[in-house]
Amino acid sequence: MSKILPAAVLTAFAVSAASGCSSSSSTTATITGTEAMRGQVTGAAAVSGQNGPTVPLTLTGPVNTTSSFTPPNSNATHVTVTFKTPAGNMVVNAVAPDAGQNPVPNATSCLMTQTTDATYVVVPAKSTGKFAGATGSGKATFYFTAFAPKLADGKCDTNDNAEPVAKGAIVTFTASGPLTVKP
């Protein structure tokens, strides 16, 4: 069911940051704290989109802002993702070793669940605005659950093009890690 929600979604959802920033010859203080990101969509929004849903995100910590994420059209285990926010862009390199694995429906209930873990590192030179020069790394978790449609014979439709049922579908993304930014 590759059209459902590839685990690569997580790799792209993997966002937030960590570690120190160097200062210039003038004394420039840095701000370090835990940056957390959370987003969730349910129902039709959780099963929409060619590559997966667009998930609204809330970032809290050294930089409080919002963003959204749409998964890349790839099952790659290593991706670079730009999170566009009103405060600037945060660019991360993410790794999810099990990206590309798709959820398999339970043969009786047709319920599919998938949890994928990823790690990420902020790319300071490519980040902009309040994230310019930011350093950090962290961990993220992507969770997907939905029912596969049932065929006329009552069996689960496991065809790669089968669209999951919107009712009861949930996509959740959480990430956190230390982030250091220049004020």
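In the predicted model, eight strands form an open sheet in the order β3-β2-β1-β8-β7-β6-β5-β4, with antiparallel pairing. The edge positions are taken by β3 (65–69) and β4 (78–85); each has a single partner strand, so one side of each lacks a neighbour in the sheet. On average, and with direction ignored, neighbouring strands of this sheet are turned by 25° against each other. Besides these eight strands the chain has one helix, and the elements follow the pattern α-β-β-β-β-β-β-β-β along the sequence.

The chain comprises 183 residues, of which 45% are buried. Among the contacts with a separation of 6 or more, 68% are between residues 24 or more positions apart. The exposed area of the chain is about 8400 Å², and carbon and sulfur atoms supply 52% of this area.

Pairing was examined for individual strands. Strand β1 (residues 31–42) pairs with strand β2 (residues 55–60) in the antiparallel sense, over three bridges. Within this pairing, T60 in β2 is the bridge partner of A36. Strand β1 also runs antiparallel to β8, to which it is joined by twelve bridges. In this second pairing, T32 stands opposite T180 in β8. The segment after β8 contains K182, whose C-alpha atom is separated by 8.9 Å from that of T32, although the two residues are 150 residues apart along the chain. K182 counts as partly exposed because its relative accessibility is 39%, which falls between the limits of 20% for buried and 50% for exposed residues.

Towards the β4 edge of the sheet, β4 and β5 form a hairpin with two residues between the strands. The two strands run antiparallel and are joined by eight bridges; K84 stands opposite N89 in β5. In a regular strand, side chains alternate between the two faces of the sheet. Along β4, such alternation goes together with a division in burial: V79, V81, F83 and T85 point to one face and are buried, whereas H78, T80, T82 and K84 point to the other face and are not buried.

Nonpolar side chains tend to be buried together in soluble globular proteins. In this model, the largest nonpolar core has 34 residues, and those with the most contacts inside the core are M37, L57, F83, M90, V92, V171 and L179. At least two residues of this core come from each of β1, β2, β4, β5, β6, β7 and β8. The most is given by β8, with six residues. F83, one of the core residues with the most contacts, belongs to the buried face of β4 described above. L57, also listed among these residues, touches M37, R38, G39, T65, T66, S67, S68, F69, F83 and F173, when residues up to four places away in sequence are not counted. Two of the residues touched by L57, M37 and F83, are themselves among those with the most contacts inside the core.

A search of the whole structure finds one disulfide. The bond is formed by C110 and C156, whose sulfur atoms are 2.0 Å apart. The two cysteines are 46 residues apart and link distant parts of the chain: C110 lies in the loop between β5 and β6, and C156 in the loop between β7 (135–147) and β8 (165–181). The angle about the S-S bond is -100°, and the link is left-handed. Both cysteines are buried; C110 is classed as buried because its relative accessible area is 0%. The loop that holds C110 connects β5 (88–95) and β6 (111–122). The backbone of C110 has a positive phi of about 70°, although this residue is not a glycine.

Conventions. Residues numbered from 1 in each chain as written. Predicted model: local features only at pLDDT ≥ 70, side-chain atom pairs only at ≥ 80, totals over all residues. Heavy atoms only, no water. Helix = DSSP H or I, 4+ residues; strand = E, 2+ residues; numbered from the N terminus. Buried < 20%, exposed > 50% of the residue type's maximum accessible area, 1.4 Å probe, protein only. Disulfide = S-S within 2.5 Å. Pairing = 2+ DSSP bridges. Axes fitted to C-alpha atoms, helices over the stretch in contact; angles between N-to-C directions. Core = buried A, V, L, I, M, F, W, Y, C linked by side-chain atoms within 4.5 Å. Contact = heavy atoms within 4.5 Å. Areas by Shrake-Rupley, 256 points an atom, 1.4 Å probe, with all protein chains shown as cover.
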